[in-house]
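The following exercises concern the strands, helices and backbone of one protein chain. Each task is followed by a solution in steps.

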Amino acid sequence: LQDIGGLESLKEWLKKRQIAFSDQAKAFGLPSPRGVLLVGVQGCGKSLSAKAVANCWNLPLLRMDVGKLFGGLVGSSEGNMRQAIRIAESVAPAVLWVDEIEKAFAGLQSSGSSDGGTTSRVIGTFLTWLQEKTSPVFVVATANGVTSLPPELLRKGRLDEIFFVDLPTDLER
């Protein structure tokens, strides 16, 4: 994290929650952090920040490639999402990085008429897991913009915080 210029509020937030995956935190009854959404323009350090979270917390980093979840056979996309979730939970505690999440939600509105509802079901599975997960999988989702994200993703309880990641200033560079 010290190699990333700026983003002091994100760094402070992450440092405060670093011990949340420890045995002491579990014994005390603290819930594990759920995740964050990093929003900003291209090239401002969102992906680097996602990688830094795993490094800072000394946890494995898993990258979910949403584009590879979608298969050609009926039901395979939904099965791929469930399999990805099972893998993340089996490695837990871990950081699950969902890069450019807005691209995954791109066809959500027309899903019923264009893909038989596959995108809606895949995204629904992911959103339900985010809401109900009990395993210590910290999700770091990155997005270039929030306009194409459904409000269901931004609902309280799915992710802990949303951080805007701006281009670094001269001093931060």
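**Exercise 1: The environment of strand S1**

In strand S1, both faces are covered: Gly35, Leu37 and Val39 are buried on one side, and Val36 and Leu38 are buried on the other. The model is a predicted one.

Task. Establish how far strand S1 (residues 35-39) is enclosed, and identify the strands with which S1 pairs through five bridges and through four bridges.

Solution.
1. The cut-off for a buried residue is a relative accessible area under 20%.
2. Five of the five residues of S1 are buried, so the strand is largely enclosed by the rest of the structure.
3. Strand S4 (residues 137-143) pairs with S1 over five bridges, in the parallel sense. Within S4, Thr142 is the bridge partner of Leu38.
4. Strand S5 (residues 161-164) is joined to S1 by four bridges, and these two strands also run parallel. Here Val36 has Glu161 of S5 as its bridge partner.

**Exercise 2: The order of the sheet**

Task. Give the strand order of the open sheet and name its edge strands.

Solution.
1. The open sheet has five strands in the order S2-S3-S4-S1-S5, with parallel pairing.
2. Strand S2 (61-64) and S5 are the edge strands, since each pairs on one side only.
3. From one strand to the next, the twist averages 20°.
4. S3 and S4 run parallel and are joined by five bridges. Leu96 has Val139 of S4 as its bridge partner.

**Exercise 3: Helices across the sheet**

Task. Determine which strands helix H5 lies across, whether its end-to-end distance agrees with or departs from the expected span, and what covers its buried residues.

Solution.
1. H5 lies across S2, S3 and S4, and runs at about 175° to S2.
2. Helix H8 (residues 118-132) also lies across S2, S3 and S4; its angle to S4 is about 130°.
3. At 1.5 Å a residue, the 16 residues of H5 should span 22 Å. The C-alpha atoms at the ends of H5 are 22 Å apart, which agrees.
4. The buried residues in H5 are Ser76, Ser77, Glu78, Met81, Ala84, Ile85 and Ala88.
5. The cover over these buried residues of H5 includes S2, helix H4 (66-69), S3, H8 and S4.

**Exercise 4: Backbone exceptions**

Task. Locate the cis peptide bond between Ala92 and Pro93, then place Leu7 and Glu100 and state whether each is buried, partly exposed or exposed.

Solution.
1. Most residues other than glycine have a negative phi, and most peptide bonds are trans.
2. Ala92 and Pro93 are joined by a cis peptide bond, with omega about 5°. Pro93 is in the loop between helix H5 (76-91) and strand S3 (94-98).
3. Leu7 has a positive phi, near 55°, and its place is in the segment before helix H1 (8-17). With a relative accessible area of 16%, Leu7 is buried.
4. Glu100 has a positive phi too, near 50°, and lies in the loop between S3 and helix H6 (101-104). Its relative accessible area of 33% makes Glu100 partly exposed.

Terms used
Residues are numbered from 1 along each chain as its sequence is written. This is a predicted model: local features need pLDDT of at least 70, side-chain atom pairs count only at pLDDT 80 or more; totals for chains, interfaces and linings use all residues. Side-chain values use heavy atoms; hydrogens and water are left out. Buried means under 20% relative accessible area, exposed over 50%, partly exposed in between (1.4 Å probe, protein chains only). Two strands pair if DSSP finds at least two bridges between them. Axes are lines fitted to C-alpha atoms, for helices over the stretch in contact, and angles run from 0 to 180 degrees between N-to-C directions. Contact means heavy atoms within 4.5 Å. The expected span of a helix is 1.5 Å times one less than its number of residues.
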